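Good morning, and thank you for making time on the agenda. I should like to take you through one structure, with the sequence and the coordinates on the screen.

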Amino acid sequence: MGEKREVVCPNCHSKKVIKNGKSNGKQTYLCKTCYSRFLLNREKERYPVSLKKDVVRLYNEGHTLTELSRKFSIKVQTIHYWIKTLNRKK
Ligand SMILES: [Zn+2]
């Protein structure tokens, strides 16, 4: 698939993010849109891709974000993010 790892601001989901040096050996980033500083969002890695695809498929079939959030115990913002990223890659 050659998926490029994109860094997205966890605060405003902007992609205008620059590297901002390291803290304790971890890469930190600075968002040029809302100027928040953050480490790479690990939350994304916590869920398997198959689950993401399932959730997005259910959403595309007409389930609401709130419904899916409750069903899978995943934050609405997280699901929303998956929908945005997965639906774009076609
Ligand atoms: Zn931001």
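Before anything is located by element, a word on naming: helices and strands here are DSSP runs, with at least four residues for a helix (H or I) and at least two for a strand (E), numbered from the N terminus. Please also bear in mind that this is a predicted model.

With that naming, S73 can be placed in the loop between α3 (65-72) and α4. Its phi is near 55°, which is a positive value in a residue other than glycine. Most residues other than glycine have a negative phi. S73 is exposed, because 6 other C-beta atoms lie within 10 Å and the cut-off for exposed is 12 or fewer.

Two further residues belong under this heading. H13, in the segment before β1, is not a glycine and yet has a positive phi of about 60°. H13 has 15 other C-beta atoms within 10 Å and is therefore partly exposed. G62, just after α2, takes a positive phi of about 115°.

Let me turn to the sheet. Three strands form an open, antiparallel sheet, in the order β1-β2-β3. β1 (17-23) and β3 (37-39) are the edge strands; each has a single partner, so one side of each is left without a neighbour in the sheet. On average, neighbouring strands are turned by 35° against each other, direction ignored. Between β2 (residues 26-31) and β3 the antiparallel pairing runs over three bridges, and Y29 stands opposite F38 in β3.

Now to the helices. The twelve residues of α2 should span 16 Å at 1.5 Å a residue, and the end C-alpha atoms are indeed 16 Å apart, so expectation and model agree.

How do α2 and α4 cross, and how close do their axes come? The axes come within 9 Å and cross at roughly 90°. The two helices are therefore roughly perpendicular to each other, as the range for that term is 65 to 115 degrees. On the α2 side of the contact are K52, K53, V55, V56 and Y59, and these meet I79, W82, I83, L86 and N87 in α4. By class, the contact has seven nonpolar, one polar and two charged residues.

I close with R57, which lies in α2 (residues 49-60). Is R57 buried or exposed? R57 counts as exposed, because it has 11 C-beta neighbours inside 10 Å. R57 and N87 are 30 residues apart in sequence, while their C-alpha atoms are 9.4 Å apart in space.

Definitions and conventions:
Residues numbered from 1 in each chain as written. Predicted model: local features only at pLDDT ≥ 70, side-chain atom pairs only at ≥ 80, totals over all residues. Pairing = 2+ DSSP bridges. Axes fitted to C-alpha atoms, helices over the stretch in contact; angles between N-to-C directions. Buried ≥ 20, exposed ≤ 12 C-beta atoms within 10 Å, placed from the backbone. Parallel < 35°, antiparallel > 145°, perpendicular 65-115°, else oblique. Contact = placed C-beta atoms within 7 Å. Nonpolar A, V, L, I, M, F, W, Y, C, P; charged D, E, K, R; others polar. Expected span 1.5 Å × (residues − 1).
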